[in-house]
Amino acid sequence: MAFPGFLADYTVQTVIVGASLLGLCSGALGCFAVLRQQSLLGDALSHAALPGIAIGFLLFGSRQLSILLSGALVAGVLAALLIVLLTRRSRLKTDAALGIALSLFFAVGVVLLTHIQNRENASQAGLDAFLFGQAAAMLRQDLWILGTVTATALLLVISFWKEFKVVTFDPDFASSLGLPVTALEIVLTTMIALAVVIGLQMVGVVLMAAMIIAPAAAARQWTHRLETMLILAMVFGAVSGITGALLSSLARGLATGPLIVLTASGLVLFSILFATRRGILWTAIHARRQHANLITQHVLTTLYQLAQNHHNPAYRTEQGMVVSYYGDAGNRALSELDRLGYVKPARHLPEEGTHWILTAAGIKEAERILASLHPVES
Amino acid sequence: MSTIDPQAARSENVTNIQVDARHEPDLAIHVEDLTVSYGTKPVLWDIDMDIPPGVLAAIVGPNGAGKSTLIKTVLGLIRPAAGHVYIHGKPYRDQRRLVGYVPQRTSVDWDFPTTALDVVSMGLYGRLGWFRRPGKREKQRALAALEQVNMSSFADRQISQLSGGQQQRVFLARALVQAADIYFMDEPMAGVDATTERAIIEILRKLRDQNKTVVVVHHDLQTVTSYFDWIVILNVRIIAQGSVADVYTAEHLRAAYGGQIALLQSNSFTKDTQG
Ligand SMILES: Nc1ncnc2c1ncn2[C@@H]1O[C@H](COP(=O)(O)OP(=O)(O)OP(=O)(O)O)[C@@H](O)[C@H]1O
Ligand SMILES: [Mg+2]
């Protein structure tokens, strides 16, 4: 196959594939984390992974990824248990418990890390790469871990789609249906923890939570359907991963992980501003348009009521009258109504200004609007 | 209205503790010696509650009386510190298919990305079982339920764009597709306008007329006598239970609502109950 120069590079290929797998996985699972209002959980889990990595290294003296990530996973699970215990057994709220677990585990991790670095040759251990990620250290066989976790996550989400959906939306109702809510929640949380763990090597402990939250948050802006949100989040995740990997391979010396997270955050910002339905810009334009529509409807019904008061469907309303009431918006409304064919201009006497007459379509539309304002009780 | 006398049933339990109450299949709901606490604070204490089948029953009591907790415990959502719950003589987990549930509307995040129709189909998930997706038949049943609550034109509306009363009706439709025998509804008429409230009570009456049992947490004491035929007055303990005609008295309400009753008494409903 013919790759453009840098794409032929073995490391670059590995990083691109790895980053897009990570994006797919964290995008999909992030949707559930965000909707379950557990965004902070990803943060706590990723910070908690650090001591696990350090202890895994100390115990086995190996830098093999599977050992380090197993350590990370165990530490993540312990942190999750601590969070549950703190919220159940004390008066702490979830966010406080998350904060405590996060700082406690992270502090232990940093202490262990400095200990390892003082003991060994720092570069040989290379564990500090886990703080901000080091995509270049990724090996081809590491892709298998990423691929397996991603495939498992997607398989689970597809198989238990309706169960995950109802558990996320209304856990009490799900439980009344007889669904094993706790088990499903444990599966979801474990999968989120796994997604965090497999991202550590590339994105690092500090920024990994953003990989979980950002694609889902961006996707949420564009849609009102969970299916669409999930697919969009996966696309956004993969796009962030690939973009970050490409940027860092083009510009030597820029770290891949932060670039991935920056891209994802850029997508969030873009979505918040420009998304249809929920985006700020769209909402503002929509509100403006609705306001204009409202005035147009007002003018139409006003003409209708004037005609009614004069018992003359062909009553001519003088433009100045409308403008005196609605200002310049009245002019715009009349030309819009003219364009729609609801009114037509007419001159009363040569020396007078423009007058407007309702058309048959205009009368019908005005009656429809008035009827919708006073709906018949159902 | 009913032949069951809960007072008698209770004294029987007291005199003979060995009585095996599992065989109360004639009762739609039979709760005995139920105590529930959050941490160390009991919020339900020694509840004995019997509800016969085919009634429209209200659970009333002040805020924090434990009404939602009672329903959730009956549905197995909260594990009681002590006591048992029987639905038609069997534990809840054997009778799930017989039970429909309308949670308090505020218990979910209505900004969830889904449509009214999709929420209603959730009522069919229990029947569908694992790995099966709702198909055409499920969609039709969900649409029919929306039609029943007069919401079919909102089927594809995102749920955050529904008014409170419309959201309430979506929840009701979700329970209706469950085609249950016993319904538990937590404040289904909270925050709805008079028209919607009338529509909802009509649906509940229809269910009762099909010999289903409907248990409703209700806050409006004015409408108890006109809406319901069975009542449970609750404040941590059971203050009174029975047919509305028998036990819905100012005295029992005073016992449940304490000081608040002075305010309530000025209203006309207490006279209604005496008349
Ligand atoms: N998850 C919880 N943890 C701790 N205490 C709780 C919890 N849920 C409810 N409580 C307490 O239990 C008591 C009963 O609550 P419950 O929600 O059952 O009352 P309610 O009768 O439904 O009130 P309302 O009319 O306001 O809905 C209250 O004092 C409440 O503070
Ligand atoms: Mg309640």
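Helix α7 of chain A gives the largest share of the lining of the second largest cavity, namely three residues. I should say at once that we are looking at a predicted model. That second largest cavity encloses about 40 Å³ of space. Its lining consists of A:L65, A:L69, A:M138, A:D142, A:I145, A:L146, A:I198 and A:Q201. At least two lining residues come from each of three helices of chain A: α3 (65-89), α7 (140-159) and α10 (181-203). Sorted by class, six of the lining residues are nonpolar, one is polar and one is charged.

How many cavities of 30 Å³ or more does the count give? There are two. The largest cavity holds about 90 Å³. Its lining draws on both chains, with A:S176 and A:L177 on one side of the list, and B:R96, B:R97, B:V99, B:G123, B:G126, B:R127 and B:Q178 on the other. By class, this lining has two nonpolar, four polar and three charged residues.

I turn now to the pockets. The second largest pocket has a volume of about 370 Å³. Of its 19 lining residues, those closest to the centre are A:K165, A:R225, A:E227, B:D118 and B:S121. Two or more lining residues come from each of α8 (161-169) and α12 (226-250) of chain A, and likewise from α3 and α5 (136-148) of chain B. Nine residues of this lining are charged, six are nonpolar and four are polar.

Next, the ligands. Which residues come nearest to ligand 1? Of the 14 residues around ligand 1, they are B:N63, B:G64, B:K67, B:S68 and B:T69. Several polar contacts can be pointed out on the structure. A polar side-chain atom of B:N63 is 2.9 Å from an oxygen atom of ligand 1. For B:G64, a polar backbone atom lies 2.9 Å from an oxygen atom of the ligand. B:A65 places a backbone N or O atom 3.2 Å from an oxygen atom of ligand 1.

Ligand 2 is a magnesium ion, coordinated by OG of B:S68 and OE1 of B:Q104 at 1.9 to 2.7 Å. B:S68 belongs to helix α2 (residues 67-74) of chain B, whereas B:Q104 sits in the loop between β5 (99-102) and α3 (116-121) of that chain, so the pair ties together parts that are 36 residues apart in sequence. B:Q104 has a relative accessible area of 27% and is therefore partly exposed. B:S68 thus appears twice in this account, as a magnesium ligand and among the residues nearest to ligand 1.

Let me close with some individual loop residues. In chain A, the loop between α1 (10-35) and α2 (39-60) contains A:R36. Is A:R36 buried or exposed? A:R36 counts as buried, because its relative accessibility is 16%. Its C-alpha atom is separated by 30 Å from that of A:Q134, which is 98 residues away along the chain.

In chain B, two residues other than glycine have a positive phi. For B:A179, phi is near 45°. B:A179 is placed in the loop between α6 (164-176) and β6 (182-186), and is partly exposed at a relative accessible area of 42%. For B:V236, phi is near 65°. B:V236 is found in the loop between β8 (230-235) and β9 (237-243), and is also partly exposed, with 25% relative accessibility.

Terms used: Residues are numbered from 1 along each chain as its sequence is written. Chains are lettered from A and ligands numbered from 1 in the order in which they are written. This is a predicted model: local features need pLDDT of at least 70, side-chain atom pairs count only at pLDDT 80 or more; totals for chains, interfaces and linings use all residues. Side-chain values use heavy atoms; hydrogens and water are left out. On a 1 Å grid over the protein atoms alone, a cavity is a set of points where a 1.4 Å probe fits but cannot get out, and a pocket is an open set with protein on both sides within 12 Å along at least five of seven lines; lining residues have an atom within 4 Å of a point. Grid points are joined across faces, edges and corners, and a volume is the space filled by probe spheres set on the points. Ala, Val, Leu, Ile, Met, Phe, Trp, Tyr, Cys and Pro count as nonpolar, Asp, Glu, Lys and Arg as charged, and the others, Gly among them, as polar. Helices (H or I, at least four residues) and strands (E, at least two) are DSSP runs, numbered from the N terminus. Donors are N, O and S atoms within 2.8 Å of the metal (3.2 Å for Na, K and Ca); water is not among the atoms, so sites may look incomplete. Buried means under 20% relative accessible area, exposed over 50%, partly exposed in between (1.4 Å probe, protein chains only). A residue is near a molecule or strand if one of its heavy atoms lies within 4 Å of it. A polar contact is a pair of N or O atoms within 3.5 Å; within protein, one must be able to donate a hydrogen and the other to accept it, and residues adjacent in sequence count only if both atoms are side-chain atoms.
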